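Subject: Handing over a model for you to look at

Hello,

Here is the structure I promised to pass on. Please open it alongside this message, and I will go through what turned up afterwards.

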Amino acid sequence: MKQGPRKSSPQKTKRPPRKSLKSWPQGAAGERLVDALRVDGNAAAGILSELFVPDLTAGRAKCASCGVTRTIGVLLVYAHGMGTVMRCPECNGVIMRIARTPTHVWLDATGADSIVISLPA
Ligand SMILES: [Zn+2]
């Protein structure tokens with residue numbers, strides 16, 4: 001049997017492309033829910049201070065999705081019982097996810113190409 005180029009199969013368990021992270025509930029009800037949970041990046045100052053001694057909201061993060069660099073304090077924060085999700089204000093890509101358990105604080109910063117903090121002069 002001749003082997004041609006492989007076609008993707010529906011059973012494939014490949015991770016979805018990063019673009020899928022941009023999707024949020026659509027429609028009036030979903031938008032109201034998202035808007036009600038959204039505050040600016042300064043709302044994450046408390047949980048970030050548990051991970052980093054300096055106030056990280058003054059630092060800058062480069063979005064891995066669109067390449068824009070923004071001050072962390074202006075990122076869009078969605079905070080709820082499951083944790084804190086920080087999104088890019090340009091492309092809505094997830095830059096950081098933070099979750100707290102009784103014994104740990106977890107940080108997923110894979111949505112940031114880089115994070116830079118200015119040192120005191
Ligand atoms: Zn972005």
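Let me start with a small puzzle: with 16 C-beta neighbours inside 10 Å, how does Asn92 count in terms of exposure? Asn92 comes out as partly exposed, because a residue needs 20 or more such neighbours to be buried and 12 or fewer to be exposed. Asn92 lies in the loop between β5 and β6, and its phi is positive, at about 70°, although Asn92 is not a glycine.

Before going further, a word on confidence. Please keep in mind that this is a predicted model. The mean pLDDT of the protein is 79, with 73% of the residues at 70 or more. Among the elements, strand β3 (residues 69-71) has the highest mean pLDDT, 97, while helix α1 (residues 28-37) has the lowest, 74. Over residues 1-12 the pLDDT stays under 50, and the model shows zero contacts beyond four places in sequence for that stretch. Where pLDDT is low, the predicted coordinates should not be read in detail.

Now the overall layout. The protein has two helices and eight strands, and along the sequence they follow the pattern α-β-α-β-β-β-β-β-β-β. Of the 121 residues, 19% are buried. Among contacts with a separation of 6 or more, 47% are between residues 24 or more positions apart.

The five-stranded sheet

One open sheet has five strands in the order β1-β4-β5-β6-β7, with antiparallel pairing. β1 (38-40) and β7 (105-108) stand at the edges with a single partner strand each, so one side of each has no neighbour in the sheet. From one strand to the next, the twist averages 20°.

You can walk through part of this sheet hairpin by hairpin:

- Strand β4 (residues 76-80) pairs with β5 in the antiparallel sense over five bridges. The two form a hairpin with two residues between them, and Val77 stands opposite Met86 in β5.
- β5 then pairs with strand β6 (residues 94-100), again antiparallel, over four bridges. Six residues separate β5 and β6 in their hairpin, and the turn includes Asn92 from the puzzle above. Across this pair, Thr84 stands opposite Ile98 in β6.
- β6 and β7 are joined by four bridges in the antiparallel sense, and their hairpin has four residues between the strands. Here Arg97 stands opposite Asp108 in β7, and Arg100 stands opposite Val105 in β7.

Strand β5 (residues 83-87) deserves a look of its own: four of its five residues are buried, so to speak of it as mostly covered is fair.

The three-stranded sheet

A second open sheet has three strands in the order β3-β2-β8, also with antiparallel pairing. The edge strands are β3 and β8 (112-116), each of which pairs on one side only. The twist here averages 25° from one strand to the next. β2 and β3 run antiparallel and are joined by three bridges, with Ala61 opposite Arg70 in β3.

The nonpolar core

Which residues touch the most other members of the largest nonpolar core? In this core of 17 residues, they are Ala61, Leu75, Met86 and Ile95. The elements giving two or more residues to the core are β2 (60-63), β4, β5 and β6. The largest share, four residues, comes from β6.

Two of these residues have come up already. Met86 is the residue in β5 that faces Val77 across the hairpin pair. Ala61, paired opposite Arg70, has a longer list of partners: leaving aside neighbours within four places in sequence, Ala61 is in contact with Thr69, Arg70, Ile72, Leu75, Ile95, Ala112 and Ile115. Leu75 and Ile95 in that list are also among the core residues that touch the most other members.

If you want a route through the model, you could begin at Ala61 and its contacts, go on to the mostly covered strand β5, and finish at Asn92 in the loop between β5 and β6.

Happy viewing, and do write back with any thoughts.

Best wishes

Technical notes:
Residues numbered from 1 in each chain as written. Predicted model: local features only at pLDDT ≥ 70, side-chain atom pairs only at ≥ 80, totals over all residues. Pairing = 2+ DSSP bridges. pLDDT = per-residue confidence, 0-100. Contact = placed C-beta atoms within 7 Å. Axes fitted to C-alpha atoms, helices over the stretch in contact; angles between N-to-C directions. Core = buried A, V, L, I, M, F, W, Y, C linked by C-beta atoms within 7 Å.
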